[in-house]
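Colleague: I should be grateful for a close look at one part of this model, namely the links between its side chains and the packing around them. Please treat the covalent links first and then proceed outward.

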Amino acid sequence: QLQLAESGGGLVQPGGSVILACTSSGRTLDVLGIGWFRQVPGKERESLACISSRDYRTNYADSVKGRFTISRHDAENTVYLLLKSLQPEDTGVYYCAADTSGTISTSRIPCLFDVDAWGQGTQVTVST
């Protein structure tokens, strides 16, 4: 059974950076399309970024384009999300998700076609 786990969240000052990691068990990440999402209380879960398997295509929501970077290191079985220039409105629980098709959409957000597994989430709080 595919399971995902996020790590790396915490308290960050405005303007700061943090890197989140997503790892898997039950199946390696190299064949999976991976997406990062953010959940804020009272709002729908927001798709932020995706990366495909094999050809490493990426797609970003306009709200994070230029500030967040998704990357994958298959040898480490890890997909990263680098968050830079963080603002208080970036506060939320960050989730990674997997699409076992391995593909993503590069023309729309949300950029995963399907979600076959979710991680448990990691909290990022941007505050002084």
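Modeller: A disulfide is counted here where two cysteine sulfur atoms lie within 2.5 Å of each other. The model is a predicted one, and a search of the whole structure finds two such bonds. Counting the bonded cysteines along the chain, their pattern is 1-3, 2-4.

One disulfide joins C22 to C96, with an S to S distance of 2.1 Å. The link of C22 and C96 is right-handed, with 70 degrees about the S-S bond. Since C22 belongs to strand β3 and C96 to strand β9, the bond ties together parts that are 74 residues apart in sequence. C22 counts as buried, at 0% relative accessibility, and C96 is buried with a relative accessible area of 0%.

The other disulfide is formed by C50 and C111, whose sulfur atoms are 2.1 Å apart. The torsion about the S-S bond of C50 and C111 is about 85 degrees, so this disulfide is right-handed. It links distant parts of the chain, with C50 in strand β5 and C111 in the loop between β9 and β10, 61 residues apart. C50 is buried at 0% relative accessibility, and C111 counts as buried at 0% relative accessibility.

The residue before C111 also merits attention. P110 is placed in the loop between β9 and β10, and a cis peptide bond, with omega of about 5 degrees, joins I109 and P110. As general background, most peptide bonds are trans, and most residues other than glycine have a negative phi. Y56, which is not a glycine, has a positive phi of about 60 degrees. Y56 is found in the loop between β5 and β6 and counts as partly exposed, at 38% relative accessibility. N77, again not a glycine, has a positive phi of about 55 degrees. N77 is located in the loop between β7 and β8 and is buried, with a relative accessible area of 16%.

The aromatic links come next. Rings are paired if their centres lie within 6.5 Å, and planes over 60 degrees apart count as edge-to-face. By this rule there are two aromatic pairs. In one of them, the ring centres of F37 and W118 are 4.8 Å apart and the planes stand at 65 degrees, so the pair is edge-to-face. F37 lies in strand β4 and W118 in strand β10, so this pair ties together parts that are 81 residues apart in sequence. F37 is buried, with a relative accessible area of 7%, whereas W118 counts as partly exposed at 37% relative accessibility.

In the other pair, the centres of the Y95 and W118 rings are 6.3 Å apart and the planes stand at 85 degrees, so it is edge-to-face. Here Y95 in strand β9 and W118 in strand β10 are linked across 23 residues. Y95 counts as buried, at 14% relative accessibility. Ring pairs thus link F37, Y95 and W118 into a cluster. R45 adds a charge to this picture: its charged end sits over the ring of Y95, 3.8 Å from the ring centre. That charged end also sits over the ring of W118, 4.4 Å from its centre.

I turn now to the packing. The largest nonpolar core has 28 residues, of which W36, L81 and Y94 touch the most other members. Strands β3, β4, β5, β7, β8, β9 and β11 each supply at least two residues of this core. When residues up to four places away in sequence are not counted, L81 touches nine residues by name: V18, I19, L20, W36, A49, F68, T69, I70 and Y94. A second, separate core has seven residues, including A97, I104, C111 and L112; C111 is the cysteine bonded to C50.

Finally, T122 in strand β11 is buried, with a relative accessible area of 10%. A polar atom of the T122 side chain lies 3.2 Å from the backbone nitrogen of G9. Leaving aside neighbours within four places in sequence, T122 is in contact with E6, S7, G8, G9, L20, G92, V93 and Y94.

Notes. Residues are numbered from 1 along each chain as its sequence is written. This is a predicted model: local features need pLDDT of at least 70, side-chain atom pairs count only at pLDDT 80 or more; totals for chains, interfaces and linings use all residues. Side-chain values use heavy atoms; hydrogens and water are left out. Rings of Phe, Tyr and Trp (its six-membered ring) pair if their centres lie within 6.5 Å; planes under 30 degrees apart count as stacked, over 60 as edge-to-face and the rest as tilted. Helices (H or I, at least four residues) and strands (E, at least two) are DSSP runs, numbered from the N terminus. Buried means under 20% relative accessible area, exposed over 50%, partly exposed in between (1.4 Å probe, protein chains only). A charge sits over a ring if NZ of Lys or CZ of Arg is within 6 Å of the ring centre and within 35 degrees of the ring normal. A nonpolar core is a set of buried Ala, Val, Leu, Ile, Met, Phe, Trp, Tyr and Cys residues joined through side-chain atoms within 4.5 Å. Contact means heavy atoms within 4.5 Å. A polar contact is a pair of N or O atoms within 3.5 Å; within protein, one must be able to donate a hydrogen and the other to accept it, and residues adjacent in sequence count only if both atoms are side-chain atoms.
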